[in-house]
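Ready for a little practice in reading the inside of a protein? Take a look at the model below, then work through the exercises at your own pace.

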Amino acid sequence: MHLRAASVALALLALLANGSALAVEEIKSKGAFLDAVESNAILVVKFYAPWCGSCKAFAPKFEAAAAQFVGQGVRFATVDATKAEFGPVATQYNVQGYPTLRVFRDKDMAKKPVNYDGALEAGFDLETCMEM
C-alpha cells in the first residue's frame with residue numbers, strides 16, 4: 001500500500017514539474033484574457049457563472065477534455081463572465097448563457113472565434129469544433 005501511495009505522489013510531482021497538473025486555467029483579468037488569445041494557437045474558453053448549475057455539471061467534462069490535449073498546443077481556460085471586468089468581453093463574443101464555449105484560433109483577436117454548439121452533456125469534441 002505504501003509503495004502505491006509513493007508511486008502516486010511521484011506521478012503528481014512529475015505532473016507539477018511539467019506544468020501539466022492544471023489542464024484548465026482560470027483567467028482572472030481582461031489583460032490575461034487578451035494575452036491568452038494572442039499567445040496560443042488554439043484557445044478553448046468556457047465562459048461561466050459561479051452560480052450556474054449547468055456550468056458546475058459540465059466542469060468535470062471540460063477538465064477531462066483539457067487533459068486529453070495537454071502538450072498538444074491547445075490551451076483550455078475558464079472566464080467568470082459575471083465579473084464586471086469581463087462584461088465587454090462577454091458582449092463582444094456574444095455570451096448570452098452559461099456555459100458558453102468559444103474556440104479562438106490563429107492567435108488573432110480580430111477573427112471571430114468558433115462557437116461550440118455541440119452537446120455539452122456528452123463532453124467536448126475539439127476535432128468536431130475545429131471543422132466548423
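The exercises that follow deal with the nonpolar cores and the aromatic rings of this predicted model.

**Exercise 1.** Find which residues have the most contacts inside the largest nonpolar core, and which elements supply it.

*Solution.* Begin with the core itself: it has 16 residues, and those with the most contacts inside it are Ile27, Phe33, Leu43, Val45, Phe47, Val79 and Phe104. Next, look at the elements: α2 (30–39), β2 (42–48), β3 (74–80) and α4 (87–92) each supply at least two residues of this core. Finally, look for what lies apart from it: another core of 13 residues, including Phe58, Phe62, Phe76 and Val114.

**Exercise 2.** Classify the ring pair of Phe33 and Phe47 as stacked, tilted or edge-to-face.

*Solution.* The structure holds 8 aromatic pairs. In this one, the ring centres are 6.2 Å apart and the planes stand at 55°. Planes over 60 degrees apart would count as edge-to-face and under 30 as stacked, so this angle falls in the tilted class. Phe33 belongs to helix α2 and Phe47 to strand β2, so the pair ties together parts 14 residues apart in sequence. Both Phe33 and Phe47 are buried.

**Exercise 3.** Do the same for Phe62 and Phe76, and decide whether each is buried or exposed.

*Solution.* Here the centres are 5.3 Å apart and the planes at 65°, so the pair is edge-to-face. For burial, the cut-off is under 20% relative accessible area. Phe62, at 1% relative accessibility, counts as buried, and Phe76 is buried with a relative accessible area of 1%.

Terms used:
Residues are numbered from 1 along each chain as its sequence is written. This is a predicted model: local features need pLDDT of at least 70, side-chain atom pairs count only at pLDDT 80 or more; totals for chains, interfaces and linings use all residues. Side-chain values use heavy atoms; hydrogens and water are left out. A nonpolar core is a set of buried Ala, Val, Leu, Ile, Met, Phe, Trp, Tyr and Cys residues joined through side-chain atoms within 4.5 Å. Buried means under 20% relative accessible area, exposed over 50%, partly exposed in between (1.4 Å probe, protein chains only). Helices (H or I, at least four residues) and strands (E, at least two) are DSSP runs, numbered from the N terminus. Rings of Phe, Tyr and Trp (its six-membered ring) pair if their centres lie within 6.5 Å; planes under 30 degrees apart count as stacked, over 60 as edge-to-face and the rest as tilted.
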